[in-house]
Amino acid sequence: MLKSKNLQHYLNTEPTKGIIRIYNLESDKSLLIKSNNIIEDSKNIRFQLDLGFYNNINLQQEYSKIGLELFAIEPILFVKDGESLDDLYDKAKKILDEKNVTYY
């Protein structure tokens with residue numbers, strides 16, 4: 001996971017491919033998403049959730065019920081030289097599994 005001071009550096013200088021985490025702060029549930037453009041995909045996810053038509057029904061229901069303030073939509077890992085999104089997704093999942101995170 002990235003520290004916030006490194007986040008801006010990566011978003012400004014590195015490719016924007018990576019893994020986005022939608023995190024429910026209240027229930028501690030997460031959804032991991034592979035992204036070829038973290039900035040645009042994060043905006044699109046937020047837009048879909050705000051309008052009530054995100055494709056994960058359980059996540060959408062909780063978002064609609066408790067609101068934006070208790071959710072984080074954040075990049076957690078970025079693709080580096082030669083990494084695939086699939087490998088990065090597996091890495092992110094392993095990190096969260098070690099913390100016993102539950103998923104949507």
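Modeller: Before we start, a residue is buried under 20% relative accessible area, exposed over 50%, and partly exposed in between (1.4 Å probe, protein chains only). The model is predicted, so local features need pLDDT of at least 70 and side-chain atom pairs 80 or more, while totals for chains, interfaces and linings use all residues. Numbering runs from 1 along each chain as its sequence is written, and side-chain values use heavy atoms, leaving out hydrogens and water.

Colleague: Fine. Why is lysine 93 called partly exposed?

Modeller: Its relative accessible area is 28%, which falls in between the two limits, so partly exposed is the label.

Colleague: What makes lysine 93 and aspartate 97 a salt bridge?

Modeller: The term needs a side-chain nitrogen of Lys or Arg within 4 Å of a carboxyl oxygen of Asp or Glu. Here N to O is 3.3 Å, so the pair qualifies. Being four residues apart in helix 4, these two are separated by about one helical turn.

Colleague: How do you know that glutamate 62 and lysine 29 meet in a salt bridge?

Modeller: Same test: N to O is 3.0 Å, within the limit, so yes. Glutamate 62 sits in helix 3 (residues 57-66) and lysine 29 in strand 2 (residues 29-35), so the pair ties together parts 33 residues apart in sequence. Helices here are DSSP runs of H or I with at least four residues, strands are E runs of at least two, and both are numbered from the N terminus.

Colleague: And what does the salt bridge between lysine 34 and aspartate 86 tie together?

Modeller: At 2.5 Å, N to O, that pair passes too. It links strand 2 with helix 4 (residues 85-98), so the parts tied together are 52 residues apart in sequence. The structure holds five salt bridges.

Colleague: Why does isoleucine 38 count as buried?

Modeller: Its relative accessibility is 1%, which is under the limit, so buried it is. This residue lies in helix 2 (residues 38-51).

Colleague: What makes a set of residues a nonpolar core?

Modeller: The members are buried Ala, Val, Leu, Ile, Met, Phe, Trp, Tyr and Cys residues joined through side-chain atoms within 4.5 Å. The largest one has 13 residues, and Ile22, Leu31 and Leu59 are among those with the most contacts inside it. Helix 2 supplies the largest share, three residues.

Colleague: Which residues does leucine 59 touch?

Modeller: Taking contact as heavy atoms within 4.5 Å, and not counting residues up to four places away in sequence, leucine 59 touches Ile22, Leu31, Leu49, Tyr54, Phe71 and Tyr104. A second, separate core of 10 residues includes Leu32, Val79, Leu85 and Leu96.
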